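Visitor: I am new to this and would like to know what stands behind the words used to describe a model. Could we go through them one at a time?

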Amino acid sequence: VIKKAVEAGGKILVPTFAVGRTQLLLYLLAGAIKRGALSPFPIFIDSPMAIEATEIYRKHPELFDEEALAMQQSGELREHLETASFCPTANDSRALNEVKGPCMTMAGAGMCTGGRILHHFRYNLAKPSTTVLIVGYQGHGSLGRQLVDGKKSVRIFGEMIPVRASVHTFGGLSGHAGQSDLARWIGSIAPSKPHVFLTHGEARGRDPLKKII
């Protein structure tokens, strides 16, 4: 999807969480460029929090796994992400609307409930050349969920914006525990018979977990 979007010369918008998801995507992009699956293209990190979090990751390679550490020590992460740029200020963010040619913009918030991604959506969702990559769970009622569900128009800053962009969902990137992991965790404290309150997620996930617990 990314390769096709880049070859078509369009903008790729990625609503992403600042801590963890942004850095994972950068790592995956570096790997794809290293393998030749992608040619280098401009990547913009348009989130002050993501920029600060990425700097913390850079300062603590001792916490990387073996594969990531090897890429960091060899210089491959830096080499294959030479086209990645940080956009810390609001002016930097606004300037992205004037960028010509293919590029990827990662901006918060992950569920499109606020943040700079809304401004990029406002200017680009109506363009068929735009690609939106959804890389995380989108809560019920969120703007991100509306895009995933195929809404033909969405409200942003009180204005109805037609959705002509192509929307794609990338699964498998969540850092959250799944049902089996949660069941194992609760199993370790089950002998004490604790009261358990399920407050997160949707009924289709909570109800089966409730029965297991």
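Terms and values

Visitor: Why is arginine 58 called exposed?

Guide: Arginine 58 has a relative accessible area of 53%. Exposed means over 50%, so arginine 58 counts as exposed. Keep in mind that this is a predicted model.

Visitor: What makes glutamate 55 and arginine 58 a salt bridge?

Guide: The N to O distance between their side chains is 2.6 Å. The cut-off is a nitrogen of Lys or Arg within 4 Å of a carboxyl oxygen of Asp or Glu, so the pair qualifies as a salt bridge. In general, side chains of opposite charge can pair when their charged atoms come close.

Visitor: How do you know that about one helical turn separates glutamate 55 and arginine 58?

Guide: The two lie three residues apart in helix H3, which covers residues 48-59, and that puts about one helical turn between them.

Visitor: Why is glutamate 55 called partly exposed?

Guide: Its relative accessible area is 29%. Partly exposed is the range between under 20%, which is buried, and over 50%, which is exposed, so glutamate 55 falls in between.

Visitor: How many salt bridges does the structure hold?

Guide: There are seven. One of them joins arginine 145 and aspartate 149, at 3.7 Å from N to O. That value is within 4 Å, so this pair also counts.

Visitor: Which of the words buried or exposed fits arginine 145, and which fits aspartate 149?

Guide: Arginine 145 has a relative accessible area of 15%; as this is under 20%, arginine 145 is buried. Aspartate 149 stands at 56%, which is over 50%, so aspartate 149 is exposed.

Visitor: What makes arginine 145 and glutamate 202 a salt bridge?

Guide: Their closest N and O atoms are 2.6 Å apart, which is within 4 Å, so the rule is met. Arginine 145 lies in helix H8 (residues 143-148), while glutamate 202 is in the loop between helix H9 (179-189) and helix H10 (203-212), so the pair ties together parts that are 57 residues apart in sequence. Glutamate 202 is buried, because its relative accessible area of 18% is under 20%.

Visitor: What joins Arg145, Asp149, Glu202 and Arg204 into one network?

Guide: Salt bridges that share partners do this. Arginine 145, for instance, pairs with aspartate 149 and with glutamate 202.

Visitor: How many disulfides are there by the rule?

Guide: The count is zero. Cysteine 103 is in no disulfide, with the nearest cysteine sulfur, that of cysteine 87, 9.5 Å away. A disulfide needs two cysteine sulfur atoms within 2.5 Å, so 9.5 Å does not meet the rule. Cysteine 112 is in no disulfide either: the nearest cysteine sulfur is that of cysteine 103, 17 Å away.

Visitor: Why are cysteine 103 and cysteine 112 called buried?

Guide: Cysteine 103 has 3% relative accessibility and cysteine 112 has 2%. Buried means under 20%, so both words are justified.

Visitor: What is threonine 105 in contact with, leaving aside its neighbours within four places in sequence?

Guide: Threonine 105 lies in strand E4 (residues 103-107) and touches Ile12, Leu13, Val14, Phe44, Asp46, Leu96 and His120. These are called contacts because heavy atoms come within 4.5 Å. At a relative accessible area of 3%, threonine 105 is buried.

Visitor: Where is histidine 120?

Guide: Histidine 120 sits in helix H7 (residues 117-124). Its contacts beyond four places in sequence include Leu13, Asp46, Leu96 and Thr105. Its relative accessibility is 3%, which is under 20%, so histidine 120 counts as buried.

Visitor: Why is lysine 151 called partly exposed?

Guide: Lysine 151 has 45% relative accessibility, which is neither under 20% nor over 50%, so partly exposed is the term. Lysine 151 is found in the loop between H8 and strand E6 (153-156). Leaving aside its neighbours within four places in sequence, its contacts are Gln146 and Val163.

Visitor: What does the secondary structure of the protein come to, and what share of its residues is buried?

Guide: There are ten helices and eight strands. Buried residues make up 38% of the 213 residues.

Methods:
Residues are numbered from 1 along each chain as its sequence is written. This is a predicted model: local features need pLDDT of at least 70, side-chain atom pairs count only at pLDDT 80 or more; totals for chains, interfaces and linings use all residues. Side-chain values use heavy atoms; hydrogens and water are left out. Helices (H or I, at least four residues) and strands (E, at least two) are DSSP runs, numbered from the N terminus. Buried means under 20% relative accessible area, exposed over 50%, partly exposed in between (1.4 Å probe, protein chains only).
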